[in-house]
Amino acid sequence: MKRKRRKKTLDIAVTVFAALGAVLFLLPTVLTIANSFMTSSEITANYGAMYSNMTDSEKTYISEDVNLKFIPDKVTIEQYRAVLITNSDYLVKFWNSVWLTVPITLFQLLIAILTSYGFARYPSKLKGIIFFVYIILMIMPYQVTLVPNYLVAKKFGLLNTCSAIILPAIFSPFSIFLLTKVMRRVPVSYVEAAKLDGAGEFQILTRIYLPLCKNAVISIGMLVFIDYWNMVEQPLILMTSDDAKALHPLSVFLSQINTSDVGLAFAVGVVYMIPTILIFLYGEDCLVDGIAYSGGIKG
C-alpha cells in the first residue's frame, strides 16, 4: 500500500514538474503572439526601456523595469497589416526563406536516400571509413567549415548567389548519418525475398527501404527544414553585396527591425513561426517514431 502511495506521489510530482516546464517553455511564444496584437503605444510603454539607450555602436543594460503583458489593453491588427499588406519587404524576405530552405531540404533528402542506401545495402571496409568521415564532419560545427565554404564559393564564382548557400547545404552529412542507421535495420530477409521475385535495385529501394523508413525520412526532412529556416551565418557571410542582400531570408531580416519597431518584430516573428509550427503539428508522430527508430529503441 505504501509503495503504491509513493508511486502515485512520484507520478504526481513528475507530472507537475513536466507541466511547469511546458508552461515555461511556451511562455516566450505566447508572449510573442499576444504582443503582436498590441498597439504601438502600448508596446512602447511596456518595452521602450529596453531600447531607449541602445544605438548601433553600443548597448547598455536595462535601467528600468520591463512590463511583460500577456493580454493587450486594446487588440489591433495594424502590425499584421503592415507586415502582410503595407510593406512588401517582409513578404519578400519570407519567400526568400522558402526559396532557400525548400530546395535544400528536398535535395539533401534525395542525396541522403541514395547515399544511405549504398551504405546499407553494400557495406565494405572502405565505405565504413567514408561513413566515419561523415560522422567527423557532422560533429564539426558549421562555423569551422565556414571559411573553406567561403573560399570554395569564391573560387567558383558563387559568392552573392543562392547557390553559395544551397550547394554546400544539400551535401550535409547529418541526413546521411541518421538515415544510414535506419536503413541498416531493414531485415535482409525482405531484400532476399524481393530479389527472388525479380525486383531490381530501384524496386528494392522504393518498395522496401523507403516505406519502412518513411517516418525517419519525414523526421529528418523536418529537422533539416527547421535548421535551415533559422540560418543566419550563411547569408551574412556568403551574400554581402547590395543585390545579394535583397535575397536574404527573413531570419536575417528579423534582427534588423527590432530596434526600429518592436511591434513589427512581434508580428513578423509570429508569421515566421507559422511554417515550422505547421510542419511540427503535421509530422509530430513521424518525428518521434523516426528518432526513436534511428536511436535503436524500436527494432
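# Exercises on pockets, rings and core

Ring pairs link Phe94, Trp95, Phe225, Trp229 and Tyr272 into a cluster. The model is predicted: local features need pLDDT of at least 70, side-chain atom pairs count only at pLDDT 80 or more, and totals for chains, interfaces and linings use all residues. Residues are numbered from 1 along each chain as its sequence is written, and side-chain values use heavy atoms, with hydrogens and water left out.

## Exercise 1. Aromatic pairs

Task: count the aromatic pairs, then classify the pair Tyr117 and Tyr209 and the pair Phe131 and Phe177.

Solution.

Step 1. Apply the rule. Rings of Phe, Tyr and Trp (its six-membered ring) pair if their centres lie within 6.5 Å; planes under 30 degrees apart count as stacked, over 60 as edge-to-face and the rest as tilted. The count comes to 10 aromatic pairs.

Step 2. Take Tyr117 and Tyr209. Their ring centres are 5.1 Å apart and their planes stand at 90°, so the pair is edge-to-face. It links distant parts of the chain: Tyr117 is in helix H4 (residues 89-121) and Tyr209 in helix H10 (residues 201-212), 92 residues apart. Helices here are DSSP runs (H or I, at least four residues), numbered from the N terminus. Both Tyr117 and Tyr209 are buried. Buried means under 20% relative accessible area, exposed over 50%, and partly exposed in between (1.4 Å probe, protein chains only).

Step 3. Take Phe131 and Phe177. This pair is stacked, with 5.9 Å centre to centre and 20° between the planes. Phe131 lies in helix H5 and Phe177 in helix H8, so the pair ties together parts that are 46 residues apart in sequence. Both Phe131 and Phe177 are buried.

## Exercise 2. Charges over rings

Task: find which ring lies under Arg184 and which under Arg121.

Solution.

Step 1. Set the test. A charge sits over a ring if NZ of Lys or CZ of Arg is within 6 Å of the ring centre and within 35 degrees of the ring normal.

Step 2. Arg184 lies over the face of Phe131, at 4.7 Å from the ring centre.

Step 3. Arg121 has its charged end over the ring of Tyr122, 4.9 Å from the centre.

## Exercise 3. The two pockets

Task: describe the largest pocket and the second largest pocket by volume, lining and class.

Solution.

Step 1. Define the space. On a 1 Å grid over the protein atoms alone, a pocket is an open set of points where a 1.4 Å probe fits, with protein on both sides within 12 Å along at least five of seven lines; lining residues have an atom within 4 Å of a point. A volume is the space filled by probe spheres set on the points, which are joined across faces, edges and corners.

Step 2. The largest pocket holds about 620 Å³ of space. Its lining has 24 residues, with Tyr142, Thr145, Ser172, Pro173 and Tyr228 nearest the centre. Helices that each supply at least two lining residues include H6 (142-155) and H11 (214-229).

Step 3. Sort the lining by class. Ala, Val, Leu, Ile, Met, Phe, Trp, Tyr, Cys and Pro count as nonpolar, Asp, Glu, Lys and Arg as charged, and the others, Gly among them, as polar. The largest pocket has 16 nonpolar, six polar and two charged lining residues.

Step 4. The second largest pocket holds about 290 Å³. Phe25, Leu26, Thr29, Val30, Ile33, Met273, Ile277 and Phe280 line it. Helix H1 (2-35) and helix H15 (262-294) are the elements giving two or more residues to this lining. H1 gives the largest share, five residues. By class, this lining has seven nonpolar, one polar and no charged residues.

## Exercise 4. The nonpolar core

Task: which residues touch the most other members of the largest nonpolar core, and which helix gives the largest share?

Solution.

Step 1. A nonpolar core is a set of buried Ala, Val, Leu, Ile, Met, Phe, Trp, Tyr and Cys residues joined through side-chain atoms within 4.5 Å.

Step 2. The largest core has 40 residues, and Ile104, Ile165, Leu179, Met183, Ile204 and Tyr209 touch the most other members.

Step 3. H4 gives the largest share, eight residues.

## Exercise 5. Two single residues

Task: is Tyr142 buried or partly exposed, and where is Asn160?

Solution.

Step 1. Tyr142 is in helix H6. At 26% relative accessibility, Tyr142 is partly exposed. Tyr142 and Glu233 are 91 residues apart in sequence and 8.9 Å apart in space, C-alpha to C-alpha.

Step 2. Asn160 is in the loop between H6 and H7. Its phi is near 65°, a positive value in a residue other than glycine. Most residues other than glycine have a negative phi.
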